[in-house]
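Please read the sequence alongside the structure shown below. The paragraphs that follow go from one residue to its surroundings and then to the whole chain.

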Amino acid sequence: MTSTLELNAKVDSRPNGVIPLFRNKKDHEFYEYILNDIPDLDLELFTQINDYGIENVDQWEDSYSGSFPTSCNVEAQFTEQLMDDLGYLELNNVPNPMADYIDWQLVWDRELSNDYFVIEDGERTHFFNRNF
């Protein structure tokens, strides 16, 4: 896959101080769109996202699943939050005390790690669905 990114940059007033230059307007608009979800997006992270084949807004919307502070159990945190968001942890599905005994890392390792990938970016770990 060939990336359309220019690996040049110019300084502006953004928090990270650098805004990348792009070969075309489409890439620049996509970069600006991602800033809504990742305000501290930099060229390195954008390039990694692009290298995974996420190259437009539709692919972004289908793949980006959120981020968590990087930690040793970040996949478990993501898994538990995903199951809660999908309604699997509601009282009528799993009794509340039972949910405390679920090994969320094991669920990630056996069930979700093939469907999702992560990109660690300093203090944040970003989760992406592979099926976009």
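Leaving out residues up to four places away in sequence, Thr79 touches Trp104, Val107, Trp108 and Leu112. This is a predicted model, and the contacts of Thr79 are read from its atoms. Thr79 lies in helix 4, which covers residues 74-85. How far apart are Thr79 and Leu112 in sequence and in space? They are 33 residues apart along the sequence, yet 7.8 Å separates their C-alpha atoms. Is Thr79 buried or exposed? Thr79 counts as buried because its relative accessibility is 0%, and the cut-off for buried is under 20%.

A second residue to follow is Gln59, placed in helix 3 (residues 57-63). With neighbours within four places in sequence set aside, Gln59 is in contact with Gly53, Ile54 and Phe132. Gly53 comes just after helix 2 and takes a positive phi of about 95°. Gln59 and Asn129 are 70 residues apart along the chain, and their C-alpha atoms are separated by 9.9 Å. The relative accessibility of Gln59 is 22%, so Gln59 counts as partly exposed.

Helix 2 spans residues 43-51, and its buried residues are Leu43, Leu45, Phe46, Thr47, Ile49 and Asn50. Asn50 can also be placed relative to Asp27: the two are 23 residues apart in sequence, with 9.8 Å from C-alpha to C-alpha. Asp27 itself belongs to helix 1. Asp27 is a charged residue by the counting used here, and its relative accessibility is 2%, so Asp27 counts as buried.

Helix 1 also holds a pair of charged side chains that meet. Glu29 and Lys25 form a salt bridge, with 3.7 Å from N to O. Where do these two residues sit relative to each other in helix 1? They are four residues apart in helix 1 (residues 25-34), and therefore separated by about one helical turn. Lys25 counts as exposed because its relative accessibility is 63%. Glu29 has a relative accessible area of 42% and so is partly exposed. How many salt bridges does the count come to? The count comes to one salt bridge.

Other charged residues are grouped on the surface. Glu80, Asp84, Asp85, Glu90 and Asp100 form a negative surface patch. One of these, Asp100, is found in the loop between helix 5 (96-99) and helix 6 (104-112). Asp100 has a relative accessible area of 65%, which means that Asp100 is exposed.

These places can now be set within the whole chain. The protein has six helices and five strands. In what order do they come along the sequence? The pattern is β-β-α-α-α-β-α-α-α-β-β. The protein has 132 residues, of which 36% count as buried. Among contacts with a separation of 6 or more, 53% join residues 24 or more positions apart. The pair Thr79 and Leu112, at 33 residues apart, has such a separation, and Thr79 touches Leu112. Turning to the outside, the protein exposes about 8200 Å², and carbon and sulfur atoms supply 47% of that area.

Technical notes
Residues numbered from 1 in each chain as written. Predicted model: local features only at pLDDT ≥ 70, side-chain atom pairs only at ≥ 80, totals over all residues. Heavy atoms only, no water. Buried < 20%, exposed > 50% of the residue type's maximum accessible area, 1.4 Å probe, protein only. Contact = heavy atoms within 4.5 Å. Areas by Shrake-Rupley, 256 points an atom, 1.4 Å probe, with all protein chains shown as cover. Patch = residues over 30% accessible without salt bridge, like charges linked within 9 Å, V, L, I, M, F, W, Y side chains within 5 Å. Salt bridge = Lys/Arg side-chain N within 4 Å of Asp/Glu carboxyl O. Charge placed at Lys NZ, Arg CZ, Asp CG, Glu CD.
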